Amino acid sequence: MKRKTVFTLLLIVFILSFFITPVGYWSKKKLMQVFAPSPEIISQEDRIHLQEYDWRLKDADWDYFNLRISEGKPLFIHFWASWHLPSSSELDDIQRLYDKYKGKVDFYIITNEEREPVQEFLGKNKYTFPITYRIVGEPAPVEILEPSGTYIIDTEGSILVKSLDSKDWYNDKIKEILDAIGN
């Protein structure tokens with residue numbers, strides 16, 4: 001075989017691995033992490049203020065609770081799904097933020113999936129942040145975003161960040177915001 005033919009075959013195998021193997025999933029996830037932009041901070045004059053915190057949710061044990069328990073606390077709310085690669089690609093950064101800010105910021109990593117696939121996904125990836133289950137149809141104080149949607153809300157209820165796409169969450173800009181609102 002000619003050298004050019006071997007190179008072409010190797011290139012084809014490499015490209016196909018992105019579509020038909022677990023290596024492709026991992027590679028796509030890493031590429032999304034590398035190229036994810038930093039989220040944009042909403043300017044002071046454009047910030048929306050939550051009028052209420054009344055939102056019934058379920059915790060990891062499938063017990064009901066209300067978001068009111070976090071009123072007056074800084075919030076990090078991320079909508080995700082285990083099957084949604086862009087939202088799952090953000091979870092490594094979110095885990096790092098959780099490790100650094102737990103106890104200072106209330107984290108709500110929200111899904112509307114069933115428990116079993118979520119628990120399997122979390123165990124496989126060794127995530128320890130708390131998972132919150134959304135009750136479909138339950139009224140919420142914020143717009144329910146599609147997975148990879150995220151909010152950062154300060155202690156006064158002002159929305160500082162509203163992101164609709166996959167972002168780089170573990171960066172200096174976000175840590176600076178969480179340091180400011182988490183004290």
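## Exercises around strand β5

In strand β5, isoleucine 131 is the bridge partner of isoleucine 109. Strands and helices here are DSSP runs numbered from the N terminus (strands E, at least two residues; helices H or I, at least four). This is a predicted model, in which local features need pLDDT of at least 70. Residues are numbered from 1 along each chain as its sequence is written.

**Exercise 1.** Find which strands pair with β5, and in which sense.

*Solution.* Strands count as paired if DSSP finds at least two bridges between them.

- Step 1: look at β4 (residues 106–111), which runs parallel to β5 and is joined to β5 by three bridges. Threonine 111 has tyrosine 133 as its partner in β5. Between these two strands the chain passes through helix α5 (residues 115–125), in a right-handed β-α-β crossover; that is, with the strands pointing away from the viewer, the path from the first strand over the helix to the second runs clockwise.
- Step 2: turn to β1 (residues 56–58), which pairs with β5 in the antiparallel sense over two bridges. Here lysine 58 has tyrosine 133 as its bridge partner.

**Exercise 2.** Decide whether the faces of β5 are covered or open.

*Solution.* Buried means under 20% relative accessible area (1.4 Å probe, protein chains only), exposed over 50%, partly exposed in between.

- Step 1: recall that side chains alternate between the two faces of the sheet in a regular strand.
- Step 2: check β5 (residues 131–134): Ile131 and Tyr133 on one side are buried, and so are Thr132 and Arg134 on the other, leaving both faces covered.

**Exercise 3.** Work out how β4 is enclosed and how β4 pairs with β3.

*Solution.*

- Step 1: five of the six residues of β4 are buried, so β4 is largely enclosed by the rest of the structure.
- Step 2: β3 (residues 75–79) pairs with β4 in the parallel sense over five bridges, and phenylalanine 79 has isoleucine 110 as its partner in β4.

Key. This is a predicted model: local features need pLDDT of at least 70, side-chain atom pairs count only at pLDDT 80 or more; totals for chains, interfaces and linings use all residues. Side-chain values use heavy atoms; hydrogens and water are left out.
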